[in-house]
Amino acid sequence: MINRHAIFGSFAVAATMCLTSCTLFQKSNNNNSIPVVQEPAYQIAEGGLKIAYVDIDSLLLHYNFFTDLSEEMLRKEENSRLMLNEEAQKFQTEYEDFQRKLQNNVFSSQARAESEQKRLLKMQEDLNALNNKLTQELNAEQEKNNTILSETIQEYIKKYNKSHGYNLILTKSGDNILYADKALDITGQILAGLNAEYSSKDQN
């Protein structure tokens with residue numbers, strides 16, 4: 001059967017958000033609050049770096065595109081599971097029927113019993129092949145979605161930074177950053193922009 005956790009793990013990704021690169025982290029289960037969309041109040045010393053960070057867990061938790069992709073993947077996973085279960089049930093039914101006939105000496109000859117056994121073995125091989133095929137398809141779809149999410153966030157951050165001029169935009173996920181002043185948090189602004197872009201594309 002398809003191992004759900006093995007197929008999906010989590011629908012998310014590792015990440016570093018600097019001005020030119022961005023990948024995704026796994027969607028967090030915690031309900032991190034999203035700050036009010038406003039310009040950071042942090043004052044950068046003259047000649048110093050202008051730095052900000054994005055809380056990737058909170059971003060993905062509220063990013064509508066990520067939510068829609070996750071729901072679509074769950075639907076595809078469920079469809080694959082149902083298809084595999086249906087075929088597995090067929091095999092189980094025919095295998096139990098074979099066992100009953102074998103025990104009751106129903107087969108007209110040894111050759112007939114062996115022929116039926118070979119057919120069931122082929123059926124089992126086909127079931128395993130279907131499992132592998134569905135697993136590979138789902139993994140490929142997951143990788144494609146991860147790439148799309150990564151590129152979408154990366155491109156938006158590049159556009160965002162044209163008018164904000166940060167030297168460095170970090171990603172915060174869990175405790176990968178030991179300390180960060182909340183005034184440097186631009187998660188709300190990035191999230192608002194991403195959702196606005198996604199909503200606009202949805203309407204076109």
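Of the 204 residues that make up the chain in this predicted model, 36% count as buried. The accessible surface of the chain comes to about 12500 Å², and 50% of that surface belongs to carbon and sulfur atoms. Among the contacts in the chain with a separation of 6 or more, 85% are accounted for by residues 24 or more positions apart.

The chain contains five helices and two strands, and a reader who follows the sequence meets them in the pattern α-β-α-α-α-β-α. The two strands are a good place to begin. Strand E1, which covers residues 51-55, is mostly covered, since four of its five residues are buried. Its partner is strand E2, residues 168-172, and the two pair in the parallel sense over five bridges. Two of the pairings can be named: isoleucine 51 has leucine 168 of E2 as its bridge partner, while valine 54 has threonine 171 of E2 in that role.

How are the residues of E2 divided between its covered face and its uncovered one? Ile169 and Thr171 make up the covered face, whereas Leu168, Leu170 and Lys172 make up the uncovered one. In a regular strand, side chains alternate between the two faces of the sheet. The bridge partners named above can be placed on these faces: threonine 171, the partner of valine 54, belongs to the covered face of E2, while leucine 168, the partner of isoleucine 51, belongs to the uncovered face.

From the strands the path leads to the nonpolar interior. The largest nonpolar core has 21 residues, and those that touch the most other members are Leu59, Tyr63, Ile186, Ile190 and Leu194. Strand E1, helix H2 (56-62) and helices H3, H4 and H5 each supply at least two residues of this core, and the largest share, five residues, comes from H4. Separate from this is a second core of eleven residues, which includes Phe91, Phe98, Phe107 and Ala113.

Aromatic rings offer another way through the structure, which holds six aromatic pairs. In one of them, phenylalanine 65 and tyrosine 198 are tilted with respect to each other, with 5.1 Å from centre to centre and 40° between the planes. This pair links distant parts of the chain, for phenylalanine 65 is in helix H3 and tyrosine 198 is in helix H5 (residues 187-203), 133 residues apart. Are the two partners buried or exposed? Buried means a relative accessible area under 20%; phenylalanine 65 has 14% and is therefore buried, and tyrosine 198, at 17%, also counts as buried.

A second pair is formed by tyrosine 156 and tyrosine 160, whose ring centres are 6.3 Å apart and whose planes stand at 35°, so this pair is tilted. Here both residues lie in helix H4, four residues apart, which is about one turn of the helix. Tyrosine 156 is buried, with a relative accessible area of 13%, and tyrosine 160 counts as buried at 6%.

Tyrosine 198 deserves a further look. Ring pairs link Tyr63, Phe65 and Tyr198 into a cluster, and Tyr63 is also one of the residues that touch the most other members of the largest nonpolar core. When neighbours within four places in sequence are left aside, tyrosine 198 is in contact with Asn64, Phe65 and Asp68. With asparagine 64 the C-alpha to C-alpha distance is 7.5 Å, although the two residues are 134 apart in sequence.

Another aromatic ring has a charged group as its partner. Which residue has its charged end over the ring of tyrosine 166? It is lysine 50, whose charged end sits 4.8 Å from the centre of that ring.

The last stop is a loop. Asparagine 105 lies between helix H3 (64-103) and helix H4 (110-162), and its phi is near 55°, a positive value in a residue other than glycine. Exposed means a relative accessible area over 50%, and asparagine 105, with 68%, is therefore exposed. The two helices on either side of this loop are among the elements that each supply at least two residues of the largest core.

Notes: Residues are numbered from 1 along each chain as its sequence is written. This is a predicted model: local features need pLDDT of at least 70, side-chain atom pairs count only at pLDDT 80 or more; totals for chains, interfaces and linings use all residues. Side-chain values use heavy atoms; hydrogens and water are left out. Buried means under 20% relative accessible area, exposed over 50%, partly exposed in between (1.4 Å probe, protein chains only). Rings of Phe, Tyr and Trp (its six-membered ring) pair if their centres lie within 6.5 Å; planes under 30 degrees apart count as stacked, over 60 as edge-to-face and the rest as tilted. A charge sits over a ring if NZ of Lys or CZ of Arg is within 6 Å of the ring centre and within 35 degrees of the ring normal. Contact means heavy atoms within 4.5 Å. Accessible areas come from the Shrake-Rupley method with a 1.4 Å probe; for residues, only the protein chains shown count as cover. Two strands pair if DSSP finds at least two bridges between them. A nonpolar core is a set of buried Ala, Val, Leu, Ile, Met, Phe, Trp, Tyr and Cys residues joined through side-chain atoms within 4.5 Å.
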